[in-house]
Amino acid sequence: MKKLTPIAAALLLALPACALATENNDELARQTEELAQKVEQLQKQLRKLQAKSGGNHLQFGVDYRVTHDTLEYELADGSKVKNNSLLANRLHLKMGYRYNDNLVFKGVISYNKAFGDTANHDQRNESGFADFDWVINENLYDNDLRVKEAYFLYMGDALFGNEQLPWSVSVGRRPSTTGFLANHREGFDKANSPLAHSINVEFDGASFNMKLDQLTDMTGHALKFCAGRGLSNATSRFVPAGTDYAKDDSKTDDIDMIGLIYTPYNDGQYDIKAQLYHATNLIGYDMADIMMTGEYNFKDFGDLNNATVSFEMNGVGEFINDFLDETRLFASVSMSETDPASGMAMLGSTKKETGYSYWLGANFPGFLSDDSFGIEFNHGSKYWRSFTYGEDTMIGSKIAARGDAFEMYYNLPLIDEALTFQLRFTYIDYDYTGSNGFFGNATGTPMKIADAWAMAEMMGMPPPVDKAHDLRATIRYKF
Amino acid sequence: MMKKITIAVAALMLSFNALADAEKGQSYYLKYMKPLFGYNGDVLAQQHLQVEWKSYFRKDAKKFIKKYSQKHPEAAEFLNSETFQKIAPHLQDFVMKYAADSGELPDCNS
């Protein structure tokens, strides 16, 4: 029998230990893998928890601002009417809830009021329109909270089972003020849905949106249908006849609107959008009726069609320098066409009348961190009629101007995006009257300012506004 | 005179110092990355929590480049380009703003 060498003996003795160590290593690896899986599961659970606790399901936000306006109207007779210090504050309380990945509710409640009360306590009702639904949250009113937006949104991944066709549908009170291009003058990065050149009012309705970019291979390609009701004809509750909410034939009919927003191309730098709409039974005052009855009663004057094309360039060139990267240029053209009801002088004419408007603007970065400048110009023709009563301008919608409007503004973040300051100057030079009127012949008829003044003087009426300007300082808190 | 004005304008343009901007990040994503990734920016942003996005964009966005180059190999060339480095700060602001735990909800423009 051969003797074992010391080394061989040592190896023999070590074998069971090695086997044991290998077994232990396998066990350790298995346990490590199990542990890793558990950690991964825990991470997933933690992510879900963080997402929920981070507010992914529930959203709350505030947009509160205080404004100081110095406004002046130059009348056709050369006299001036002004307010050197109009202080106002506006609050938007924003809320949202994500029920699941597809279903979201969003809402905004708001008040917008002048500081304190007005001298004769009639701020709400003097003109009779302070509480008009289209502009309820744009007008200075009182400190009651009102619903500015309330809608649900359902987002589908595949229309008719086609995964290349994501879609969404939304019903409710629309985010239809401060739309595309009007966001810059408000100091907002993001625009709401409609093209602000022709629509800037609150509105109840629905939309259906299809993203066509995957289907057509055109970047940002999308089509959105919109419809809604701008005015409801119905009797009130508890009428003596007991016919609650039935149609009231003595009043104007429902105002309905249908339209579409088409985005043929949006690559983030170049964004072009077109908007078409048709609105029915539009209201206004009839001069003959006022003269006869001495009362202001709405009449149905007819329908309105509009076509708008807006283009925005977000950054000039590609990485030429920071200034050009941060510069935005935009241009927009719009056309309105009246379709008067039989025998009604819509905008003062019983014929179809066409109005035009163009709007140009530029935004530049400032010299400090994240501040910016803006400059805008728009012009409207004799029969131009926009639906921009809710535009955030104290002297009346500048976009509605039948004449020229010029605007400059400076945006300065004071504390990040939470506290910001804006200084804005708006100047409007009217060529014709009736820019911000309704659709009838009493407030909507375009007359040369000098002609309107000659007529007003003859009838003993006040002179029309020839020019107007507003210097506004805004401080805004937002989260 | 014209030359002086040109020089002054050029000097002004060079003196602007752009900060990162979420909205700009969204625009850059739409232009440069969506065609490569194939989904919208909000889908990207929702893939991680804010704290995670922060770590993804540390050190010239190394972790982001590595992960998304693996996930979308067709985007690897762009992610390793100079252009991506230029847009990365804006992109970071964008994904942070709309991250899974950001509390931001889509609206009817979405």
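## Chain B and its surface

Accessible areas are obtained here by the Shrake-Rupley method with a 1.4 Å probe. By this method chain B exposes about 5700 Å², and carbon and sulfur atoms supply 58% of that area. The model is a predicted one, and every value in this report was computed from it.

Chain B contains seven helices and zero strands, and when its elements are read along the sequence they follow the pattern α-α-α-α-α-α-α. Of the 110 residues in chain B, 46% are buried. Among the contacts in chain B with a separation of 6 or more, 64% are made by residues that stand 24 or more positions apart.

## Where the two chains meet

How many residues of chain A are in contact with chain B? The contact involves 51 residues of chain A and 38 residues of chain B. The size of an interface is often given as the accessible area lost when the parts come together. For chain A and chain B this buried area is about 3800 Å², with 50% of it on carbon and sulfur atoms.

Polar interactions are also found between the chains: three salt bridges are counted between chain A and chain B, and one salt bridge joins B:K31 to A:E318, with the closest N and O atoms 2.8 Å apart. In addition, 11 residue pairs are in polar contact across the interface of chain A and chain B, counting pairs in which both residues are at pLDDT 80 or more. On the side of chain A that touches chain B, the elements that give two or more residues are helix 1 (6–53), strand 2 (80–98), strand 3, strand 4, strand 5, strand 6 (204–211) and helix 4 (322–325). Helix 4 of chain A gives the most to this side, namely four residues.

## A nonpolar patch on chain A

On the surface, A:L58, A:Y97, A:Y99, A:L103, A:F105, A:F152, A:Y154 and A:V171 form a nonpolar patch, and together they have about 760 Å² of accessible area. Strand 3 (103–114) and strand 4 (146–156) of chain A each supply at least two residues of this patch.

A:V171, one of the patch residues, is found in strand 5 of chain A, which covers residues 167–173. The relative accessibility of A:V171 is 39%, so this residue counts as partly exposed; residues must have over 30% relative accessible area to be part of a patch.

## Salt bridges within chain A

Over all chains, the structure holds 31 salt bridges. In one of them the side chains of A:R30 and A:E27 meet, with an N to O distance of 2.7 Å. Because A:R30 and A:E27 are three residues apart in helix 1 of chain A, about one helical turn separates them. A:R30 is partly exposed at 41% relative accessibility, and A:E27 is likewise partly exposed, its relative accessible area being 32%. Another salt bridge brings together the side chains of A:K80 and A:E72 at 3.8 Å, N to O; here A:K80 counts as exposed, at 51% relative accessibility, whereas A:E72 is buried, with a relative accessible area of 15%.

Are the partners A:R173 and A:E202 buried or exposed? Their side chains meet in a salt bridge at 2.7 Å, N to O, and this pair links distant parts of the chain, since A:R173 lies in strand 5 of chain A and A:E202 lies in the loop between strand 5 and strand 6, 29 residues apart. A:R173 has 8% relative accessibility and therefore counts as buried, and A:E202 is buried too, with a relative accessible area of 2%. Salt bridges can also be linked to one another, as in the network that connects A:D63, A:R65, A:D69, A:R90, A:D392, A:R472 and A:R476.

## A buried glutamine

A:Q275 belongs to strand 9 of chain A, which covers residues 270–285. With a relative accessible area of 3%, A:Q275 falls under the 20% limit and is therefore buried.

What does A:Q275 touch? When residues up to four places away in sequence are not counted, A:Q275 touches A:P194, A:L195, A:S198, A:I199, A:L260, A:I261, A:N306, A:A307 and A:T308. For A:L195, one of these residues, the backbone nitrogen lies 2.8 Å from a polar atom of the side chain of A:Q275.

Note on methods. Residues are numbered from 1 along each chain as its sequence is written. Chains are lettered from A and ligands numbered from 1 in the order in which they are written. This is a predicted model: local features need pLDDT of at least 70, side-chain atom pairs count only at pLDDT 80 or more; totals for chains, interfaces and linings use all residues. Side-chain values use heavy atoms; hydrogens and water are left out. Patches are made of residues with over 30% relative accessible area and no salt bridge: like charges are joined within 9 Å, nonpolar side chains (Val, Leu, Ile, Met, Phe, Trp, Tyr) within 5 Å. A salt bridge is a side-chain nitrogen of Lys or Arg within 4 Å of a carboxyl oxygen of Asp or Glu. Buried means under 20% relative accessible area, exposed over 50%, partly exposed in between (1.4 Å probe, protein chains only). Contact means heavy atoms within 4.5 Å. Buried area is the accessible area (1.4 Å probe) that two parts lose on being put together, summed over both. A polar contact is a pair of N or O atoms within 3.5 Å; within protein, one must be able to donate a hydrogen and the other to accept it, and residues adjacent in sequence count only if both atoms are side-chain atoms.
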